[in-house]
Amino acid sequence: MNKLKEKVVVVTGTSSGIGNSTAQMLQQQGCIVCGLTRNAQREFELACDVSDRNRVQMCVEEIVARYGHIDCVVNNVGMGISGAIEYESEENIKKMLDVNLAGTINVIQCTLPYVKKTQGRYINIGSVAGELTIAFQTMYSVAKAGILALSEGLAMELKPFGVKVCCLQFGDIKTPFTAHRNKSFEGDDTQYNGRIARSVSRMERDETNGYSVEFASGQVVKLLKKTKLPVKYTAGAKYKFLLWLSRALPYSLVQKILYSMYAS
């Protein structure tokens, strides 16, 4: 029995990467996929900047008018910035938090009256970086830590309504996200002695050697099919082990390891 057949699933950020792959995989499962993306080009996509609350509400109302209900939401859309916090522009920080965190909240708030009616579920895409902060990508870690906290709180609030929430945490995934990261090297020559460039280079090397988008979207589909949905799920054995190890080791040692990997 296909649990997902004819389910109406809203997926954000479907233009490329994990969102695009997830949309395709869900359609293969018989889902009615409604993609929210800034660059809508396909029939199932609606043009939407998730940081624009009014536009999100309009898109949600259009989906409900067309299909009558919403069963699941996959909050995938996101952007990245890197650089020293000291020099990061207010504009870049605001834009990233507006898209990654506030945008997710917008989608949740606008869809929730309908998801409660279907006792549906939310998959919010987080990151291992939300638990293990990466230097010179600190604001991204802040946003993903917020997604985890949001998911945990939301799961408790919505439990009596039968709505399930999961923060799906990925490690390195090979996607266009790497090329689209807004990188700043300001202060690297004068203050940080090349550490920013070295950190970004290591991050990008890890990402380009990461799991495939098909692996990532497969994890989304697997979770949507689960009867019992965990509030937090880390994808990939090595990342499960990494987080387990980070809790088993002394905090000071974990910080030293992260410093040597991404901050030295």
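Which residues line the largest cavity? They are I81, S82, G83, I85, E88, F136, Q137, T138 and M139.

## Ground rules

This is a predicted model, where local features need pLDDT of at least 70, side-chain atom pairs count only at pLDDT 80 or more, and totals for chains, interfaces and linings use all residues. Residues are numbered from 1 along each chain as its sequence is written, and side-chain values use heavy atoms, with hydrogens and water left out.

## Two cavities

The structure holds 2 cavities of 30 Å³ or more. A cavity here is a set of points, on a 1 Å grid over the protein atoms alone, where a 1.4 Å probe fits but cannot get out; lining residues have an atom within 4 Å of a point. Volume is the space filled by probe spheres set on the points, with grid points joined across faces, edges and corners.

The largest cavity has about 40 Å³ of space. Both β5 (81–82) and α4 (138–158) supply at least two residues each to its lining; helices (H or I, at least four residues) and strands (E, at least two) are DSSP runs, numbered from the N terminus. The second largest cavity comes in at about 30 Å³, and its lining is N75, V77, N100, T104, N124, I125, K144 and I147. For that one, α3 (90–118), β6 (121–127) and α4 each chip in at least two residues.

## Helix α1

Helix α1 has 12 residues (17–28), which at 1.5 Å a residue should span 16 Å (the expected span is 1.5 Å times one less than the number of residues); the end C-alpha atoms are 17 Å apart, so the two agree. Right after α1 comes G30, with a positive phi near 90°.

Plenty of α1 is tucked away: G17, I18, G19, N20, S21, T22, A23 and L26 are buried, meaning under 20% relative accessible area with a 1.4 Å probe, protein chains only. Those buried residues pack against β1 (8–12), β2 (32–37), β7 (164–170) and α7 (213–225).

## Nonpolar cores

A nonpolar core is a set of buried Ala, Val, Leu, Ile, Met, Phe, Trp, Tyr and Cys residues joined through side-chain atoms within 4.5 Å. The largest has 26 residues, and L26, I123, L168, F170 and L224 have the most contacts inside it. Two or more residues apiece come from β1, α1, β4 (72–75), β6, β7 and α7, with α7 giving the most, 6 residues.

Setting aside neighbours within four places in sequence, L26 is in contact (heavy atoms within 4.5 Å) with L4, V9, V11, C31, V33, V221 and L224. There's also a second, separate core of 25 residues, including V56, C59, V60 and V165.

How values were computed: On a 1 Å grid over the protein atoms alone, a cavity is a set of points where a 1.4 Å probe fits but cannot get out, and a pocket is an open set with protein on both sides within 12 Å along at least five of seven lines; lining residues have an atom within 4 Å of a point. Buried means under 20% relative accessible area, exposed over 50%, partly exposed in between (1.4 Å probe, protein chains only).
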